There are 2 protein chains.
Amino acid sequence: MTKILIIGAGRSATSLIDYMLRNSIEFKWKITVADVDQKIAEEKIHGHANGTAISFNISDADKRRSLIKQHDFIISMLPAFMHSDVARDCVEFGRHMATASYVSAEMKVLDAEAKQKGLLLLNECGLDPGLDHASGMKLIDEIKEKGGEIVSFKSFCGGLVAPDSNDNPWGYKFSWNPRNVVLAGQGTAQYLDGGLMKFIPYNRLFTQTDTIEIEPYGKFDAYANRDSIGYIDVYGLFSINTMLRGTLRQEGYCKAWNVFIKLGLTDDTSKITHAGELTFTSLIDSFLPNTKESVKDKLKKLMKDEWDEQTEVMLDYLELFDEKKITLNEGSPAQLLQHLLEEKWKLKENDKDMIVMQHQFEYRLPTSDKIQKLNSSLAVVGQDQHHTAMALTVGLPLAITVKNFLTKKFKSAGITIPVTKEIYTPLLAELEEYGIVFNEQIIT
Amino acid sequence: MTKILIIGAGRSATSLIDYMLRNSIEFKWKITVADVDQKIAEEKIHGHANGTAISFNISDADKRRSLIKQHDFIISMLPAFMHSDVARDCVEFGRHMATASYVSAEMKVLDAEAKQKGLLLLNECGLDPGLDHASGMKLIDEIKEKGGEIVSFKSFCGGLVAPDSNDNPWGYKFSWNPRNVVLAGQGTAQYLDGGLMKFIPYNRLFTQTDTIEIEPYGKFDAYANRDSIGYIDVYGLFSINTMLRGTLRQEGYCKAWNVFIKLGLTDDTSKITHAGELTFTSLIDSFLPNTKESVKDKLKKLMKDEWDEQTEVMLDYLELFDEKKITLNEGSPAQLLQHLLEEKWKLKENDKDMIVMQHQFEYRLPTSDKIQKLNSSLAVVGQDQHHTAMALTVGLPLAITVKNFLTKKFKSAGITIPVTKEIYTPLLAELEEYGIVFNEQIIT
């Protein structure tokens, strides 16, 4: 039997673990699910004969190394910064590995040795990155096979709340790591626009947004991801003029989020040590001048035209001006904000999340000088707050691709992402069985 | 003989090394000056009988540990982030240590062991931090001895260019680590204003400035330092309402620097890989929208009322709109900006720098309800581009305090900063011999 170790059994691992267990009989897999909290691991296995739940702390190096040695294939569902120890052990002991996360610098260092040893280091094989690569490359290859030349490729993705469960003015609830949402965009976003490299610093990222329409869900804000440029080579788009990857939020979200950035509430590098004595109103006041006006009036004055009625409704919803107590004793501004948002943006029992994705292509065919436009869109609604669209669309691409590797549908060694036909074709075909189907539309 | 090791012989170590050598005969000191570049170490020693120059790479742990073992007192003039290895070795081998830098988290960890072993860990004993602590505490103690209650303490310091050498519209040339100048203020500044904690995020730091006057040099901009709050306890100012530490620049500097922040040019977390193909004009254009206007017009439109004629003169001086080639192949926006500024803000042969400092006190005496105001100001002009006011005011406080410790004028173990009378009184007295004299002025 093939021994598979899944490290990390949090919400985003649910669909992955289900899939692996479901297929374990046919393909003779023994699945070990390891989590710091053994109970969570056991819940995810729900007594399956081929599953074993164990308690495991990633920082226990001896146990980590011994566990990895005992398995043939390791899937890490840990937060991204924790993959590197696992990856080093996998390469040392000759084990294959898979993650849904971006290829990190630490992973790149291991590429040569993994290739030499014939080990798979599958990365960027979740939703975004992952499904975006697979579905985008399918269209890129189709256009290229017709002799087409792609001049513009924009690709957007967002994890949001389903319309039926959308009962807050932000149109947002956490279906993913809240910390990543609060810190999103720090640094400088880089993309290509009309043949020119463009940069957006964090302090302007949420003011320079696009508006994207995905029927029947309406309009969304899109802010630029940090790196769009690196994918020009990866996708083989060498003559492209415009290349942008972005994140989708409900319309109006970005304007309101920009208030937090300008205020300073998303800073994670400073510690506020007396937070327990503060309310969110007094915390905001701390970031504003010492004048007699109300906190809201001072904030409006600071924001000038970067404020509107919808912004006010969204901030009011968070009780920011109601002297709501902060219940953390200390933390960075970003941690205090996260603490509030985890309460206000919680997926409730029976709430459904939704992921949306849209690729926008502009290309020229050899038969005509005219620019052709093609949009390809996806929306997936979750089942409930455990079986989320996020967990499904992150976990299934990873699980299916691991299965296709183990069943020899493709071969690869070293760092691999789902951009090749032999990986994305069976992946996209199987995802259709789960209702994950892109809607392609020629724009005229 | 007492064996003293000075690590780092850069420009800021000049006055320190001179002082230690000058006093080495009387006090029987053998001085070793260690630098990555042996030539630089030799220049600083200029053949003094009690001095030895050696080549030394801090990352060579064996050599570092062996060197530290061979000496009795270690002075680290390395960049701040490099002190911790030295400090760990000093505590392990039972050696005293001194730096001019802020007390770091790594240093705090060593405090208990150093105290137990009776080892001095002198920190914050340069200019700012250092001379500001000593001169501020002298006034605080004087006011307290009169029964006074201090309600407000603001303290400002800046390393600038002397009026005679001020031939650029920024009023600034580098007398200190350029990287620190370009990255200054990132994070959140914290201070106390009228009894209330106040925070300023980096994106607004250079717009929320004070104006400070120091005669006869005129007006200066002051932006808040990152941490003013931590010094309330250190200075024993428990009933204070307003506590602010700030950095001084020529008037107008902050408004112009704010353009770089808003543009995104001070970000150090992203890499621009094709910088060698760009001009500074096209780099700036990369941070601006794709429209037909000139780069300067787009920038003015972005800045709105955060731009004035002086700003334009200052930016023009840097040739930002003249298609000047970038001569680095790659780097973060901050590194590319630093590269330009190192050319434009270079201290030339015979240029003199200047350091300015001002403490502003408001206090009540037991004899009156009226608020008393006292300013204490210092300006020191350097000799030339090697013997700078910066090197003098950083190096002398450290050198004098080390001498006073070695000659048993004070005793201390563990982390020590120059805030106690037994340290600051002889320090300030000896500094007066070098013309470093504060001008105290009652404000009416």
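Begin by selecting Phe220(A), which stands opposite Gln250(A) in strand β12 of chain A; here, as throughout the tour, helices (H or I, at least four residues) and strands (E, at least two) are DSSP runs, numbered from the N terminus. What is open in the viewer is a predicted model, in which local features need pLDDT of at least 70 and side-chain atom pairs count only at pLDDT 80 or more, while totals for chains, interfaces and linings use all residues. Residues are numbered from 1 along each chain as its sequence is written, chains are lettered from A and ligands numbered from 1 in the order in which they are written, and side-chain values use heavy atoms, with hydrogens and water left out.

**Around strand β11 of chain A**

Widen the selection to β11(A), residues 218–224, and to β12(A), residues 242–250: the two run antiparallel and are joined by five bridges, where strands count as paired if DSSP finds at least two bridges between them. Then add strand β10 of chain A, residues 210–214, which pairs with β11(A) in the antiparallel sense over five bridges and is joined to β11(A) by a hairpin of three residues. In this pairing Ile212(A) stands opposite Phe220(A). Five of the seven residues of β11(A) are buried, so the strand is largely enclosed by the rest of the structure; buried means under 20% relative accessible area, exposed over 50%, and partly exposed in between (1.4 Å probe, protein chains only).

**On to Gln358(A) and strand β13**

Ile212(A) leads to the next stop, since Gln358(A) touches Ile212(A) along with residues that include Phe156(A), Glu213(A) and Ser376(A), not counting residues up to four places away in sequence; contact means heavy atoms within 4.5 Å. Gln358(A) is placed in strand β13 of chain A, residues 353–364, and counts as buried because its relative accessibility is 2%. Its side chain makes a polar contact with the side chain of Gln360(A) at 2.8 Å, a polar contact being a pair of N or O atoms within 3.5 Å, of which, within protein, one must be able to donate a hydrogen and the other to accept it, and residues adjacent in sequence count only if both atoms are side-chain atoms.

With β13(A) selected as a whole, 10 of its 12 residues are buried. Strand β7 of chain A, residues 149–161, pairs with β13(A) in the antiparallel sense over 12 bridges, and the bridge partner of Phe153(A) in β13(A) is Phe361(A). Strand β14 of chain A, residues 371–381, also pairs with β13(A) in the antiparallel sense, over 11 bridges; a hairpin of six residues joins β13(A) to β14(A), and Arg364(A) stands opposite Ile371(A) in β14(A).

**Aromatic rings in chain A**

A search of the whole structure finds 40 aromatic pairs over all chains. Rings of Phe, Tyr and Trp (its six-membered ring) pair if their centres lie within 6.5 Å, with planes under 30 degrees apart counted as stacked, over 60 as edge-to-face and the rest as tilted. Select Tyr253(A) and Trp257(A), a stacked pair at 5.9 Å centre to centre and 5° between the planes. Both lie in helix α11 of chain A, residues 253–263, four residues apart, about one turn of the helix, and both are buried. Ring pairs link these two with Trp170(A), Tyr172(A), Phe174(A), Phe260(A) and Trp345(A) into a cluster.

**Across to chain B**

Now select Phe153(B) and Phe361(B), whose ring centres are 4.3 Å apart with planes at 5°, so the pair is stacked. Phe153(B) lies in strand β7 of chain B and Phe361(B) in strand β13 of chain B, so the pair ties together parts that are 208 residues apart in sequence. Phe153(B) counts as buried at 1% relative accessibility, and Phe361(B) is buried with a relative accessible area of 1%.

Leaving aside neighbours within four places in sequence, the contacts of Phe361(B) include Gly136(B), Leu139(B), Ile140(B) and Ile143(B). These four are among the buried residues of helix α7 of chain B, in which 11 of the 15 residues are buried. Helix α7(B), residues 131–145, reaches 21 Å from its first C-alpha to its last, close to the 21 Å expected at 1.5 Å a residue, the expected span being 1.5 Å times one less than the number of residues. Finish just after α7(B), at Gly147(B), which takes a positive phi of about 80°.
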